[in-house]
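User: I am new to this entry and would like to understand the reasons behind the terms applied to it. Please explain each term by setting the value against its cut-off.

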Amino acid sequence: MPPPEPTSPAFADDLAANHFDIAGADLLVGGIPVRELAARYGTPLFIYDGGVIRRSYRTLAETLSGFARIHYSIKANPAAAVIRLLYEEGAGVEIASLGEYRAARAAGVKPGDILFAGPAKGARELETVVSGGIGEIHLESFEEIARLTAIAARLNATIPVSIRVNPVASAQGGAMRMGGKPAPFGFDEETIGEVISKVQSAPGLDLRGVHLFAGTQILDEAVLLAQWRHGIDVAGRVAAIAGHPLKTIDLGGGLGIPYFAGDGQLDLAKLSAGLPGLRQQLKSDPLLADARIVVEPGRFLAGPAGIYVAGINAAKVSRGTRFLITDGGMHHHLAASGNLGQIIKRDYPIVAPARMNATGRFPATIVGPLCTPLDTLARKAEMPDLGAGDLIAVLQSGAYGRTASPVGFLSHPLPTEILIESGKIEVIHLEQDSQAGARH
Ligand SMILES: Cc1ncc(COP(=O)(O)O)c(C=O)c1O
């Protein structure tokens, strides 16, 4: 195995300075030093900056203005405070389970603003969601078509549905491909004729449109635009076969954010420059001209706003390698440990939030408390001279953090989670066992 590449402290420092404030030694989130928050709430601690979430939303909404409505994919971060904030900004939501439906409703989202995708929607969750009201259900299997047909008959309801299409390979791009190959998500593009006729012959199902989602963590706007163009092509074919105009075309999420030195930012100006062509493509087909276009990002909206703060419990040197052993790890932040689908494990950007002005840097391997070498947050981080009682903060941690992690593994406490906006703190989850504030 090749040796790990050292992290770039400049990349992490730049990201911290881009999203948050730095005052002397302190990283400030929402105007409050992380050091103070760790002392007050203990560690491990997820901190989300509401102002940064709003900024990401507004920048994207402005880019897509006149083209698409944003639905926040709440799997990225289902905290009520985050959903509420984005809903307040004007986003709809996209969900993938009954649990997420309940989270969205509890956060105040109206049923008509919720889209429901996911490859294994069960009879009970479908019936609960239909009874409670839903904007659209995205069909992904013939079993779902049969289940919904039965539910529509039982409830005497008309259920708004779209067909999720697994696009052909030529439309691919991004870090984790979820379509264009054999996949459990949606129906293969080659088979949509059969699916449309099944849906149209099902009483009680109202075929409104199509949904595509081909991959996540896309940093190249040309790839996104190509996928969207292909999505509109597919929508045109669905509308022609169905013989009526479509009401919705959901082009999916997948907008990426930089995690590693060398990752660029998605260029929204270039994305915007590609949209008139797509609008023209829509306008030229009378069956698509009035369709509502949806984009459903998760990571792009929530990711940059979050940091994961852990306290160092021990520092030791083993055979020449310096280890910093923290109270946080892969059980809260699987993605940062490199175990959430990454082929090459690379270090997330990490800073010392109470030592931002330290000049000397030393290589360190940062590990969590679990009894497995998989629980490694950084293999070769360039950090200040840290020891027990110091803090580290993993940046770009607002999406796919706690929600995508095996929190039960080794029965450590859950992380506390807070959202801060302009100095006002909202506690999402307060973990009593992590009230170790006095240590810092
Ligand atoms: C159907 C669907 N929509 C949206 C998303 C959100 O993706 P991202 O966070 O990359 O924008 C996902 C992620 O897996 C998804 O499966």
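Analyst: The model shown is predicted, and the answers below go from the ligand to strands, annotated residues and backbone angles.

User: What makes Thr216 a polar contact of the ligand?

Analyst: A polar contact requires a pair of N or O atoms within 3.5 Å. A polar side-chain atom of Thr216 lies 2.3 Å from an oxygen atom of the ligand, so the pair meets that limit. The side chain of Tyr400 also qualifies, because one of its N or O atoms is 2.6 Å from a ligand oxygen. In Gly254 a polar backbone atom takes this part, at 2.8 Å from an oxygen atom of the ligand. Taken alone the ligand exposes 400 Å², of which the protein buries 93%.

User: Which residues surround the ligand most closely, and of what kinds is the shell made?

Analyst: The shell has 15 residues, and the closest are Thr216, Gly254, Glu296, Arg299 and Tyr400. By kind, the shell divides into four nonpolar, six polar and five charged residues.

User: How do you know that β1 and β2 are paired?

Analyst: Pairing requires at least two bridges between the strands. β1 and β2 (residues 26-29) have three bridges, in the antiparallel sense, and therefore count as paired. Ile22 has Leu27 in β2 as its bridge partner.

User: Why are β1 and β3 called edge strands?

Analyst: The open sheet has three strands in the order β1-β2-β3, with antiparallel pairing. β1 (21-23) and β3 (32-33) each pair on one side only, and they are the edge strands.

User: What makes β8 a strand with both faces covered?

Analyst: In a regular strand the side chains alternate between the two faces of the sheet. In β8 (residues 136-139), Glu136 and His138 on one side and Ile137 and Leu139 on the other are all buried. β8 pairs in the parallel sense with β7 (residues 114-116) over two bridges, and Leu115 has Glu136 as its bridge partner in β8.

User: Why is Cys371 called exposed, while Lys75 is called partly exposed?

Analyst: Exposed means over 50% relative accessible area, and buried means under 20%. Cys371 has 71% and is therefore exposed. Lys75 has 29%, which lies between the two limits, so Lys75 is partly exposed. Both carry annotations from an unreviewed UniProt entry: "active site" for Cys371, and "modified residue: N6-(pyridoxal phosphate)lysine" for Lys75. Cys371 is in the loop between β19 (362-367) and β20 (376-383), whereas Lys75 is in the loop between β5 (69-73) and α4 (80-89).

User: How do you know that Leu266 is buried?

Analyst: The relative accessibility of Leu266 is 8%, which is under 20%, so Leu266 counts as buried. Leu266 lies in the loop between β14 (248-250) and α10 (268-283).

User: What sets Asn156 and the bond between Thr43 and Pro44 apart?

Analyst: Most residues other than glycine have a negative phi, and most peptide bonds are trans. Asn156, although not a glycine, has a positive phi of about 55 degrees. Asn156 is in the loop between α7 (142-155) and β9 (159-166); its relative accessible area of 73% is over 50%, so Asn156 is exposed. Thr43 and Pro44 are joined by a cis peptide bond, with omega about 0 degrees. Pro44 is in the loop between α2 (34-41) and β4 (45-49).

How values were computed
Residues are numbered from 1 along each chain as its sequence is written. This is a predicted model: local features need pLDDT of at least 70, side-chain atom pairs count only at pLDDT 80 or more; totals for chains, interfaces and linings use all residues. Side-chain values use heavy atoms; hydrogens and water are left out. A residue is near a molecule or strand if one of its heavy atoms lies within 4 Å of it. A polar contact is a pair of N or O atoms within 3.5 Å; within protein, one must be able to donate a hydrogen and the other to accept it, and residues adjacent in sequence count only if both atoms are side-chain atoms. Accessible areas come from the Shrake-Rupley method with a 1.4 Å probe; for residues, only the protein chains shown count as cover. Ala, Val, Leu, Ile, Met, Phe, Trp, Tyr, Cys and Pro count as nonpolar, Asp, Glu, Lys and Arg as charged, and the others, Gly among them, as polar. Helices (H or I, at least four residues) and strands (E, at least two) are DSSP runs, numbered from the N terminus. UniProt positions are given in the numbering used here, feature names are shortened, and annotations may be inferred rather than shown by experiment. Buried means under 20% relative accessible area, exposed over 50%, partly exposed in between (1.4 Å probe, protein chains only).
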